[in-house]
Amino acid sequence: RRVALVTGASRGIGRGIALELAREGWDVCVNYIQHQEAAESTVGKSKLWAECVAMQADVADGEAVAKMGEPGGGGLAPISLLVNNAGIAGRCSFRI
């Protein structure tokens, strides 16, 4: 069994990675921090091809990350691939 954990997979590039992995036959843990509905949408589409679950956790919290990889931690284990995609982008104006 091939299980991938994709951090920041509720939207954007992470969502695309999760969907492609599922198409390729990987079971996928869709990690998100605050966009639950978007994560569940990713899970719904991924389930067309593979087993998939959404997991809320802040990847900056080591304890939360450890729980994602544990059997019975709500995810799929053991994890054999980590795609560390999570990030925060802010908008700002700058002047030249």
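How many bridges join strand 1 to strand 2? In this predicted model, 4 bridges join strand 1 (residues 3–6) to strand 2, and the two strands run parallel. Strand 2 covers residues 27–32 and is also joined to strand 3 (residues 52–56). This briefing describes strand 2, its partners and one of its residues, aspartate 27.

**Pairing of strand 2**
- Within the pairing of strands 1 and 2, leucine 5 stands opposite cysteine 29 of strand 2.
- Strand 2 and strand 3 run parallel and are joined by 5 bridges.
- Valine 30 has alanine 54, in strand 3, as its bridge partner.

**Connections through helices**
- A right-handed β-α-β unit is made by strand 1, helix 1 (residues 12–23) and strand 2.
- Strand 2 also belongs to a right-handed β-α-β unit with helix 2 (residues 36–46) and strand 3.

**Burial of strand 2**
- Because 6 of the 6 residues of strand 2 are buried, the strand is largely enclosed by the rest of the structure.
- One side of the strand carries Asp27, Cys29 and Asn31, while the other carries Val28, Val30 and Tyr32; all are buried, and both faces are thus covered.

**Aspartate 27**
- Aspartate 27 lies in strand 2 and has a relative accessible area of 12%; because buried means under 20%, this residue counts as buried.
- The aspartate 27 side chain reaches the backbone nitrogen of glutamate 51 at 3.1 Å.
- Leaving aside neighbours within four places in sequence, the residues in contact with aspartate 27 are Arg1, Arg2, Val3, Ala4, Ala50, Glu51 and Leu76.

Methods:
Residues numbered from 1 in each chain as written. Predicted model: local features only at pLDDT ≥ 70, side-chain atom pairs only at ≥ 80, totals over all residues. Heavy atoms only, no water. Pairing = 2+ DSSP bridges. Right-handed = clockwise from strand over helix to strand, strands pointing away. Buried < 20%, exposed > 50% of the residue type's maximum accessible area, 1.4 Å probe, protein only. Polar contact = N/O pair within 3.5 Å; in protein donor to acceptor, adjacent residues only side chain to side chain. Contact = heavy atoms within 4.5 Å.
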